[in-house]
Amino acid sequence: LKYQTPVSSKPRYVRVNTLKMDIESAMHELGKATTVMKDDLVPDMLVVPTRTDLHDHPLVMNGSVFLQVLDACAAPGNKTAHLAALMRGRGKIIACELNEERVKVLGTSITKSGAHNVDIIHGDFLNLDAKDPKFSKVRAILLDPSCSGSGISAERLDNLLPSYSQDDIDAANSQRVKKLAAFQRKALVHALSFPVVERVVYSTCSIHQTENEDVIKSVLPFAASLNFELATPFPQWPHRGIPVFEGSEHLLRTDPTEDMEGFFIALFVRKRVKKKIIR
Ligand code: SAM
């Protein structure tokens with residue numbers, strides 16, 4: 001087992017599958033290896049120190065505790081398959097995709113990936129009811145929404161698109177970017193609204209500030225009202241967000257020239273108040 005000493009104050013959350021085990025027994029079992037607390041909000045949620053790796057814990061292996069993740073804009077499914085691999089077949093991934101053709105591609109990718117813990121929803125993420133019981137256990141959301149793709153290398157674009165000139169692409173982008181940013185912002189606000197979500201990743205393959213830092217900046221007051229703060233994915237990565245607001249250093253960018261593709265990541269983590277401590 002890989003239990004590590006906590007190095008920061010941000011805890012991890014574990015939902016106990018009370019069909020299989022009661023909370024006190026789960027606390028007792030997990031408490032043999034690490035510090036465990038009850039969450040103050042969610043009755044079947046336990047809090048363990050940050051960096052605690054529970055993937056190999058017997059309670060996770062036997063289904064007594066599990067992790068649920070929502071991939072909000074999922075097709076063609078590259079990141080869904082990656083999530084499934086990271087979760088090593090445990091927990092549940094809900095993959096949502098709006099476009100009918102792309103849902104088929106998503107299904108094929110998931111089958112090919114060998115993942116068996118993915119449920120596909122063909123629908124509009126914006127219309128998913130965050131309060132629906134089927135999302136009541138969603139603790140992480142990946143939001144990789146439609147974007148301008150301005151960070152995608154020209155070579156890859158050639159493979160993805162019919163042959164548009166650079167001027168056509170620029171013109172189309174400049175008109176689309178604002179519209180896209182409005183959707184991206186709405187989708188991010190919606191993701192942050194899921195009742196027990198603790199981590200929301202927002203990513204784009206755009207280099208435009210409008211789709212990246214500006215979207216994040218615009219949701220910060222709403223995010224803070226729900227106790228979310230920006231965390232720093234890959235802190236050792238040198239290239240951070242454009243400094244247009246305090247906290248943009250948490251954001252991660254890759255450079256289309258230096259790093260081959262332009263990509264952007266923001267990570268929101270919800271702070272929670274801890275309750276009772278047992279050892
Ligand atoms: N995460 C995917 C991957 O790594 O393979 C790529 C996602 S792609 C950038 C964005 C996807 O979001 C597209 O397939 C698009 O059809 C879908 N999409 C756009 N609007 C949506 C909505 N309102 N609800 C759900 N999916 C949506």
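**Helix packing, ligand shell and selected residues**

Trainee: Is the crossing of H3 and H4 left-handed or right-handed?
Mentor: Keep in mind that the model is predicted. H3 spans residues 78–87 and H4 spans residues 100–113. The crossing of these two helices, H3 and H4, is right-handed.

Trainee: How are H3 and H4 oriented to each other?
Mentor: Their axes come within 9 Å and cross at roughly 30°. Angles under 35 degrees count as roughly parallel. H3 and H4 are therefore, to each other, roughly parallel.

Trainee: Which residues in H4 meet Thr80, Ala81 and Ala84 in H3?
Mentor: Start from the H3 side, where Thr80, Ala81 and Ala84 make the contact. On the H4 side, the partners are Leu106, Ser109, Ile110 and Ser113.

Trainee: How do the residues of the contact of H3 with H4 divide into nonpolar, polar and charged?
Mentor: Take the charged class at the outset: it has no members here. The other classes fill the contact of H3 with H4, with 3 polar residues and, on the nonpolar side, 4.

Trainee: Is Ala81 buried or exposed?
Mentor: Ala81 sits in helix H3. It has 22 C-beta neighbours inside 10 Å. The cut-off for burial is 20 or more, so Ala81 counts as buried.

Trainee: Leaving aside neighbours within four places in sequence, which residues is Ala81 in contact with?
Mentor: Ala81 belongs to the H3 side of the contact with H4. Its C-alpha is also 8.4 Å from that of Gly114, 33 residues away in sequence. With sequence neighbours set aside, the contacts of Ala81 are Ser109, Ile110, Ser113 and Ala115.

Trainee: Which residues is Met87 in contact with, leaving aside its neighbours within four places in sequence?
Mentor: Met87 is in helix H3 too. It counts as buried because 21 C-beta neighbours lie inside 10 Å. With sequence neighbours set aside, its contacts are Leu67, Ile93 and Asn117.

Trainee: What separates the C-alpha atoms of Met87 and Thr254?
Mentor: Along the chain, Met87 and Thr254 are 167 residues apart. In space, their C-alpha atoms are separated by 25 Å.

Trainee: Which residues are closest to the ligand?
Mentor: The shell holds 18 residues. Sorted by type, it divides into 9 nonpolar, 4 polar and 5 charged. The closest are Cys73, Asn78, Leu98, Phe125 and Asp144.

Trainee: Which elements give two or more residues to the shell around the ligand?
Mentor: The shell around the ligand numbers 18 residues. The elements that supply two or more of them are H3 and strand S6 (92–97).

Trainee: Which residues does a cis peptide bond join?
Mentor: Look to the loop between strand S5 (68–71) and H3, where Pro76 lies. The bond leading into Pro76 has an omega of about 5°. The cis pair is Ala75 and Pro76.

Trainee: What is the phi of Arg88?
Mentor: Arg88 is in the loop between H3 and S6. With 13 C-beta neighbours inside 10 Å, it counts as partly exposed. Arg88 is not a glycine, yet its phi is positive, at about 50°.

Trainee: Is Phe234 buried or exposed?
Mentor: Phe234 lies in the loop between strand S10 (228–231) and strand S11 (252–254). It has a positive phi of about 45° without being a glycine. Only 12 or fewer neighbours make a residue exposed. Phe234 has 11 C-beta neighbours inside 10 Å, so it counts as exposed.

Trainee: Which residues does Leu226 touch, not counting residues up to four places away in sequence?
Mentor: Leu226 is in the loop between helix H7 (213–225) and S10. It counts as partly exposed, with 15 C-beta neighbours inside 10 Å. Its C-alpha is 7.6 Å from that of Arg270, 44 residues away in sequence. Beyond its sequence neighbours, Leu226 touches Leu192 and Arg270.

Trainee: Which residues does Asn227 touch, not counting residues up to four places away in sequence?
Mentor: Asn227 shares the setting between H7 and S10. It has 13 C-beta neighbours inside 10 Å and counts as partly exposed. Beyond its sequence neighbours, Asn227 touches Arg270 and Lys271.

Trainee: How many helices and strands are in the protein?
Mentor: The protein has 279 residues, of which 37% count as buried. Its elements number 7 helices and 13 strands.

Definitions and conventions: Residues are numbered from 1 along each chain as its sequence is written. This is a predicted model: local features need pLDDT of at least 70, side-chain atom pairs count only at pLDDT 80 or more; totals for chains, interfaces and linings use all residues. Axes are lines fitted to C-alpha atoms, for helices over the stretch in contact, and angles run from 0 to 180 degrees between N-to-C directions. Helices (H or I, at least four residues) and strands (E, at least two) are DSSP runs, numbered from the N terminus. Angles under 35 degrees count as roughly parallel, over 145 as roughly antiparallel, 65 to 115 as roughly perpendicular and the rest as oblique. A crossing is left-handed if the near helix is turned anticlockwise from the far one by less than a right angle, and right-handed if clockwise. Two residues are in contact if their C-beta atoms, placed from the backbone, lie within 7 Å. Ala, Val, Leu, Ile, Met, Phe, Trp, Tyr, Cys and Pro count as nonpolar, Asp, Glu, Lys and Arg as charged, and the others, Gly among them, as polar. A residue is near a molecule or strand if its C-beta atom, placed from the backbone, lies within 6 Å of it.
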